[in-house]
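Reader: I should like a close look at a single part of this model, namely its aromatic rings and their surroundings. Please set out the geometry in a connected account.

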Amino acid sequence: MLADIRKTLIAKNTLTQEQMAFFLQSSFSGELSDAEKREILELQNTKGVSADEVFFAAQILGNFSETFPAIDVCGTGGSGLPRINASTLSAFVLAALGIPVAKHGNRASSGRFGSFDLLEVLNIPINLSPEQSRGCVESVGIGFFFAPRCYPNMAAFGAVRKEMGVPTMFNLLGPVLSPLNPEAQLIGVSNKEYMSLLLKACTGMGRKKVMVVHGSDGLDEVTVTGATHIVSSQNGESIITPEMFGLSSVSFSEIQGGGREENLAFAREFLFEKQVNSSRAHLVLVNTAVALSVFEGGDFEGNLNLQKNFQRAQEAVRNGSAEAVFRKLQEKAISCVSSL
């Protein structure tokens, strides 16, 4: 079978579901060496990852069935840009507005400061089981699903991915593997070429409301430095700009993040000090506004929906609702860990 997989990829054809199942399961069992895993991933990268391959891998790993009434907000990473943790902070604002959030993710790779790195330093336990995280969504309205707990078999590729040092199928697979199979999803991509691929893979999972976004500055999220390109299961292709939220475009230097201390300081300023008028805060709020439109099935006609949603998000931070959600989740997650 491994020889067949090589031939398929060298011929630049899509792997079948049977071939993908063999590749993944043989890797998880230890039957394939790291050198063989790397060879297949490199051949796949040379060919180009397909939507069907991502979909097959997700089905094999996750055994998804019905969708769950929640939204996931996440990005594929890979931009190489110094970023704040916009999607993580927007998750708390969404939950404060009554939108159930089931966010799947991991710590950052390559020394960066990712979503689950931020949660850890904010004293929210991340090492919850998928069942415990689902309990958080059901009782608090928000839960964070830590990828290593949800898909422990993926550790079989950890050393190979680190050694390769470039994006692989697994970077695209992360958003598709969102454990609760949420009915709605806002996904950011740093590579515009993957927008339609991820839309097809996620809608193939039965998700009804999916939007994939790419910032013109390379951000894997809605940006405020210029245009954001969109493909959506509801409204097709479109472009949105900061002006549609009632904002002016800014330079990237005004929204960039950094390491642990810089990103942590901004998170505290935003959630706890309720500072919502900086360009960084605007970045979080525009992503929240777009996620609201996705979940509520709205469109951007006349700009009114985006401006209104931006103001709703801003008020949820100002009035302390977002901080209250944070405190409730922190208490719930700590109680889950204490009960072990």
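Author: A charge is taken to sit over a ring if NZ of Lys or CZ of Arg is within 6 Å of the ring centre and within 35 degrees of the ring normal. In this predicted model, K37 lies over the face of F157, at 5.6 Å from the ring centre. A further case involves K209, whose charged end is placed over the ring of F295, 4.7 Å from the centre of that ring.

Rings also pair with one another. A pair of aromatic rings is described by the distance of the centres and the angle of the planes. Searching the whole structure yields eleven aromatic pairs. One of them joins F116 and F146: their ring centres are 5.4 Å apart and their planes meet at 25°, so this pair is stacked, given that planes under 30 degrees apart count as such. The pair connects distant parts of the chain, since F116 belongs to helix α6 (residues 115–121) and F146 to strand β3 (residues 142–146), with the two positions 30 residues apart in the numbering. Both F116 and F146 are buried.

The two rings are also members of one aromatic cluster, formed by F92, F116, F144, F146, F272 and F326. F144, a member of that cluster, is touched by T88. T88 is located in helix α5 (residues 86–96), and its relative accessibility is 1%, so T88 counts as buried. Leaving aside residues up to four places away in sequence, T88 also touches K103, S115, L118 and L119.

Methods:
Residues are numbered from 1 along each chain as its sequence is written. This is a predicted model: local features need pLDDT of at least 70, side-chain atom pairs count only at pLDDT 80 or more; totals for chains, interfaces and linings use all residues. Side-chain values use heavy atoms; hydrogens and water are left out. Rings of Phe, Tyr and Trp (its six-membered ring) pair if their centres lie within 6.5 Å; planes under 30 degrees apart count as stacked, over 60 as edge-to-face and the rest as tilted. Helices (H or I, at least four residues) and strands (E, at least two) are DSSP runs, numbered from the N terminus. Buried means under 20% relative accessible area, exposed over 50%, partly exposed in between (1.4 Å probe, protein chains only). Contact means heavy atoms within 4.5 Å.
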